[in-house]
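Hi everyone, thanks for coming. Today I'd like to walk you through one protein structure, starting with the whole and then zooming in on a few residues. Please have a look at it first.

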Amino acid sequence: MRLGVLDVGSNTVHLLVVDAHPGARPLPAHSHKVELRLAQLLDENGAIGPGGVDKLVSVVHGALRAAEDKGVEELLPFATSAVREASNADEVLTRVHTETGVELTVLSGEEEARLTFLAARRWFGWSAGRLLVLDIGGGSLEIAYGIDEEPDAAVSLPLGAGRLTAGRLPGDPPDPDAVRALRRHVRTEIARTVGEFSRLGGPDHVVATSKTFKQLARICGAARSADGPYVQRELKRSALESWVPRLAGMTTAERAGLPGVSPGRAGQILAGALVAEGAMDLFGVERLEICPWALREGVILRRLDHMGSA
């Protein structure tokens, strides 16, 4: 069947259409993406303002039209941290449902981590052994660890690249004191979770998903996305550490000129780099591998598993 996954994230609203059936690898058929940046549309009370909700409704309408055009048989719509943590989340969800007919499922941070872990496990297989999976989104950082398809530990931290940029990195280029303060904050937050994972033993393989990690790997010399999903892409901590001060001294326009960095993500790549560097350092990771599959694929795989067992 042709499935569509509608991901209302903190940075983008992304419709991924795949041809899928139980027991087979989902084959991408179409991608429809709009940068909305919900995490940056919150007002001083933490609510998504009327203008932001208007934009969201409009974008969901557009995604529905694209899904219809591509013959999607079943749509799996969900929302992540920006909607989850908005003070008017119920109002936003009700309006989207009333005006578009789409009932968004709001995933918890732990569910995000678990579904992303499932996608990474299926991509790398059982031979990868114990997996540590890191995922930096616009609103949160997910960390998961385990040897099976369900992780033994999974957490979500409010360390998304968009959230941190909007709230803690003023200036272009940002103020050096703000960069140092953000670095301390990131490491303090991550350090609180390290013990929960270290008691489970060291991972056999460390992988990362998300646009942020992909762009950081590209900056540090990994292959282009145009080279396809089966090319191995690594990110070394030593290379990342050398790039962080350079990113901190650049303007957004200068970062947008770096290989693999899109103009829409250039403003938040520094915050993402600080989170990635902090996580790799505190978890003792010298290098990690980029996984092409992430949360959307995890949602698809979970749905296919349920179909296969029905």
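I'll begin with the overall picture, then turn to salt bridges, and end with two single residues.

One thing to keep in mind from the start: this is a predicted model. So what are we looking at? The protein has 11 helices and 11 strands. Its radius of gyration is 19 Å, and the globule rule gives 19 Å for 310 residues, so the protein is as compact as a globular protein of that length. If you draw a box around the C-alpha atoms along the principal axes, that box is roughly 45 × 45 × 35 Å.

Now let's ask what is inside and what is outside. Of the 310 residues, 52% are buried. The accessible surface adds up to about 13200 Å², and carbon and sulfur atoms account for 49% of that surface.

And how does the chain meet itself? Take the contacts with a separation of 6 or more: 69% of these are between residues 24 or more positions apart.

Next, charges. The protein carries 35 positive and 40 negative charges, and the mean positions of the two sets are 6 Å apart. How many salt bridges does a search of the whole structure find? It finds 23. Let me show you three of them.

Our opening example is Arg84 with Glu85, where the closest N and O atoms are 3.9 Å apart. Arg84 is partly exposed, at 23% relative accessible area, and Glu85 is partly exposed too, at 39%. This pair has company: Arg84, Glu85, Glu112 and Arg163 are linked in a network of salt bridges.

The next example is Glu277 with Arg187, and here the closest N and O atoms are 3.9 Å apart. What does this pair tie together? Glu277 sits in helix H10, residues 269-282, while Arg187 sits in helix H6, residues 176-198, so the salt bridge joins parts that are 90 residues apart in sequence. Glu277 is buried, with a relative accessible area of 7%, and Arg187 is buried as well, at 14%.

For contrast, find Glu241 and Arg237. Their closest N and O atoms are 3.3 Å apart, and they form a salt bridge. Both belong to helix H8, residues 237-248, and because they are four residues apart there, about one helical turn separates them. Are the two partners buried or exposed? Glu241 is partly exposed, at 32%, whereas Arg237 is buried, at 13%.

Finally, let's pick out two single residues. Val194 lies in helix H6, the helix that also holds Arg187. With a relative accessibility of 17%, Val194 counts as buried. Which residues does Val194 touch, leaving aside neighbours within four places in sequence? They are Leu282 and Phe283. Along the chain, Val194 and Leu282 are 88 residues apart, yet their C-alpha atoms are separated by 7.2 Å.

Now turn to Arg65, in helix H1, residues 50-69. Its relative accessibility is 52%, and Arg65 counts as exposed. Arg65 and Gly228 are 163 residues apart along the chain, and 28 Å separates their C-alpha atoms.

That's my tour. Thanks for listening, and I'm happy to go back to any part.

Definitions and conventions: Residues numbered from 1 in each chain as written. Predicted model: local features only at pLDDT ≥ 70, side-chain atom pairs only at ≥ 80, totals over all residues. Heavy atoms only, no water. Helix = DSSP H or I, 4+ residues; strand = E, 2+ residues; numbered from the N terminus. Rg over C-alpha atoms; globule rule 2.2 N^0.38 Å. Buried < 20%, exposed > 50% of the residue type's maximum accessible area, 1.4 Å probe, protein only. Contact = heavy atoms within 4.5 Å. Areas by Shrake-Rupley, 256 points an atom, 1.4 Å probe, with all protein chains shown as cover. Lys, Arg positive; Asp, Glu negative; His and termini not counted. Charge placed at Lys NZ, Arg CZ, Asp CG, Glu CD. Salt bridge = Lys/Arg side-chain N within 4 Å of Asp/Glu carboxyl O.
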